[in-house]
Amino acid sequence: MMKPDVTPFRSPVGDYFNTDRFATEHLDADRWFAVYTRAHHEKNVAEQLRGRDIEHFLPLYTSARRWKDRIKVLQMPLFAGYLFVRVLPSQFLDVLRTHGVSRLVGSPKPLPLAEKEIQQLRTWLSLSLAVEPNPYLRVGQLVRVRRGPLTDVEGILVRKKNALRLVVSIDLIQRSVALEIDAADIVPVGNGKNTDYRNTPLDQQIFPDVA
């Protein structure tokens with residue numbers, strides 16, 4: 001007599017967090033993941049994660065806001081609506097239960113970021129550079145930094161008020177950050193046919209403009 005087919009029970013929660021990627025590589029390792037929060041809840045979520053001893057990183061930048069009678073300097077989230085956590089997959093529910101958290105970024109499952117991306121962000125924010133949010137970019141002149149604290153970092157070069165910015169994108173969360181850069185410190189990336197802009201006056205350069 002043939003045995004009946006039996007479908008094993010599978011937990012929906014287990015299905016959500018069990019992927020081939022995690023099963024083979026990451027079940028015993030903590031990784032960085034992007035967390036999407038409710039609007040203006042980034043700092044509140046960070047405080048709650050701190051209280052739960054969950055490692056997190058909320059990149060902030062300095063923003064000068066002009067009021068009627070004064071200028072106020074604020075620490076604002078570099079990526080509005082996002083922060084990062086370093087957790088095991090078994091800790092995902094702890095993160096998702098935090099008030100103000102909407103979801104972990106990734107489709108259809110949470111996807112880890114490269115350790116290098118977080119390290120670079122921390123390094124840039126520790127330097128005396130003008131760092132600010134920038135519209136997410138995919139196209140433009142791709143360049144590489146050849147010297148200084150940003151050596152070997154690649155990004156898109158834009159011009160803002162006669163100054164240059166290197167725009168580096170984090171594709172997973174579709175956000176970009178703009179770093180102040182000197183034209184003498186960069187070289188084009190490509191097939192060698194791109195123009196080398198290092199000795200070109202700023203008023204003659206054709207980098208994309210940003211507001």
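Start at isoleucine 181 in this predicted model. Leaving aside residues up to four places away in sequence, isoleucine 181 touches Val145, Leu150, Leu157, Leu164, Arg165, Leu166 and Ile186. That company makes sense once you look at the wider packing: Ile181 is among the residues with the most contacts inside the largest nonpolar core, along with Phe79, Phe84, Leu121, Trp124, Ile173 and Val177. The core has 29 residues in total. Several elements feed it, with at least two residues coming from each of β1 (31-37), β5 (82-87), α5 (115-126), β9 (142-145), β11 (163-170) and β12 (175-181). The top contributor is β11, which puts in four residues. There's also a second core, separate from this one, made of 14 residues and including Val35, Val45, Ile54 and Leu104.

Now for the sheet. Six strands line up as β8-β12-β11-β10-β9-β13, forming an open sheet with antiparallel pairing. At the edges you'll find β8 (131-134) and β13 (186-188); each has a single partner strand, so one side of each has no neighbour in the sheet. Ignoring direction, neighbouring strands here are turned by 45° against each other on average.

Let's zoom in on one end of that order. β9 and β13 pair in the antiparallel sense, over three bridges. Arginine 144 sits in strand β9, and across from it in β13 stands valine 187. Is arginine 144 buried or exposed, or something in between? Its relative accessibility is 30%, and a residue at that value counts as partly exposed. Again not counting residues up to four places away in sequence, arginine 144 touches Asp152, Val153, Glu154, Asp185, Ile186, Val187 and Val189. You can also check the backbone on this stretch: the C-alpha atoms of arginine 144 and glycine 155 are separated by 6.6 Å, with the two residues 11 apart along the chain.

One more charged side chain is worth a stop. Lysine 160 belongs to strand β10, which covers residues 154-160. Why does lysine 160 count as buried? Because its relative accessibility is 19%, and buried means under 20%. What does the side chain of lysine 160 make a polar contact with? The partner is the side chain of glutamate 132, at 3.0 Å.

How values were computed: Residues numbered from 1 in each chain as written. Predicted model: local features only at pLDDT ≥ 70, side-chain atom pairs only at ≥ 80, totals over all residues. Heavy atoms only, no water. Core = buried A, V, L, I, M, F, W, Y, C linked by side-chain atoms within 4.5 Å. Buried < 20%, exposed > 50% of the residue type's maximum accessible area, 1.4 Å probe, protein only. Contact = heavy atoms within 4.5 Å. Polar contact = N/O pair within 3.5 Å; in protein donor to acceptor, adjacent residues only side chain to side chain. Pairing = 2+ DSSP bridges. Axes fitted to C-alpha atoms, helices over the stretch in contact; angles between N-to-C directions.
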